[in-house]
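Here are some short exercises on pockets and helix packing, each with a worked solution. Try each task on your own before reading on.

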Amino acid sequence: MRIQLGLHSVQPSLHEWLMLPEQKLLEWTRGRIFTDPIGEITEVRKTLAYLPDDIWRYKLKYAWSSFCHLYVVKLAELRGETLSARLLLNRMVEQAVQLVFLYNKRYRPGTYKWLSRELAQISPVVNEHVKQLEAILMEPSIAIAVQQLEGLLMKLAYQHNGLKITEFIELQPAPFYARGLQSYSYVNIEDAILATLPGELQHLEIPGALDQLITSDHVLIWADHYSKFRPVYSAKSDITRTGIGDMIV
């Protein structure tokens, strides 16, 4: 556990759960065990079988936050910045993939070559999501691709309501600054999930778990590297932010 996960206890702390990459947890819980005569490994695998409920909700909240800027995809295209539009659309698709894994409570592989296979094995419904995500990436029209992505997000919001994670969520129209380039706002899903979290997670200064912030394999594969980020979650800023004057516009 110390070498593979960077843990010294069989019960990870809140900050340790935020630090643990899902790909490492997938390795730990899915690798074949050839012998475990006293049951230690089996017990640890039960503990790490999936994220604690609060951590799961926290990662859901952060995954939804990416879509508040979905309108920028169309905006970039309208300005002739097609590369920017495509790159941002691809990023949005990746965030949707993350939501699919989270809502189905499956660890997300770190290696891209396994993503499609892992998704397809979850359920026939998720396999349909995979086909829709592929179609979004291949769609020549960015406007249609955004419309298709919004359709998938609506299905995930429906799944959210079915799981009764929060009170019933009805998607609201996009805010005025979306300029008519995005149909829905997803902020109310974020807010509803945030309200279910304990205070310690509600007031974290760094949003998201480590593998939602960092994508580098050089960090996420090696416990001795990603463990160094543990203090990031407990560090407190001495700067008071008002939300005015310190934002990049």
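**Exercise 1.** How many nonpolar, polar and charged residues does the lining of the second largest pocket have?

*Solution.* Keep in mind that this is a predicted model.

Step 1: find the lining. Tyr 58, Lys 61, Tyr 62, Ser 65, Cys 68, Glu 190, Leu 194, Leu 201, Gln 202, Leu 204, Pro 207 and Gly 208 line this second largest pocket.

Step 2: place these residues on the fold. Helix H5 (53–65), helix H11 (187–195) and helix H12 (199–202) each give two or more residues to this lining. H5 provides the largest share, 4 residues.

Step 3: sort by class. Tyr, Cys and Pro count as nonpolar here, and Gly as polar. The lining of the second largest pocket then has 7 nonpolar, 3 polar and 2 charged residues. The space in this pocket is about 320 Å³.

**Exercise 2.** Describe the largest pocket: its volume, its lining and the helix that gives the most to that lining.

*Solution.* Step 1: the volume. About 540 Å³ of space lies in the largest pocket.

Step 2: the lining. There are 23 lining residues, and Glu 94, Arg 108, Asp 211, Ile 214 and Thr 215 lie nearest the centre of the pocket. The elements that give two or more residues are helix H3 (22–30), helix H7 (82–103), helix H13 (210–213) and helix H14 (217–220). H7 gives the most, with 5 residues.

Step 3: the classes. The lining of the largest pocket divides into 9 nonpolar, 8 polar and 6 charged residues.

**Exercise 3.** Does the span of H7 agree or disagree with the expected span for its 22 residues?

*Solution.* Step 1: take 1.5 Å a residue, which gives H7 an expected span of 32 Å.

Step 2: compare this with the model. The end C-alpha atoms of H7 are 31 Å apart, which agrees with the expected span.

Step 3: look just past the helix. H7 is followed by Lys 105, which has a positive phi near 50°.

**Exercise 4.** Work out how H7 packs against helix H9 (residues 124–138).

*Solution.* Step 1: the geometry. The angle between H7 and H9 is about 175°, and their axes are 10 Å apart. Angles over 145 degrees count as roughly antiparallel, so H7 is roughly antiparallel to H9.

Step 2: the contact. Arg 86, Leu 89, Asn 90, Val 93, Ala 96, Val 97 and Val 100 in H7 meet Val 126, His 129, Leu 133, Ile 136 and Leu 137 in H9. By class, the contact of H7 with H9 has 9 nonpolar, 2 polar and 1 charged.

**Exercise 5.** Repeat the analysis for helix H6 (residues 71–78) and helix H10 (residues 142–163).

*Solution.* Step 1: H6 and H10 pack at about 175°, with axes 10 Å apart. They are therefore roughly antiparallel to each other.

Step 2: Val 73, Lys 74 and Glu 77 in H6 meet Ile 142, Ala 143 and Val 146 in H10. The residues of this contact of H6 with H10 divide into 4 nonpolar, no polar and 2 charged.

Terms used
Residues numbered from 1 in each chain as written. Predicted model: local features only at pLDDT ≥ 70, side-chain atom pairs only at ≥ 80, totals over all residues. Heavy atoms only, no water. 1 Å grid on protein atoms, 1.4 Å probe; cavity = no way out; pocket = protein on both sides within 12 Å on 5 of 7 lines; lining within 4 Å. Points joined across faces, edges and corners; volume = space filled by probe spheres on them. Expected span 1.5 Å × (residues − 1). Axes fitted to C-alpha atoms, helices over the stretch in contact; angles between N-to-C directions. Parallel < 35°, antiparallel > 145°, perpendicular 65-115°, else oblique. Contact = heavy atoms within 4.5 Å.
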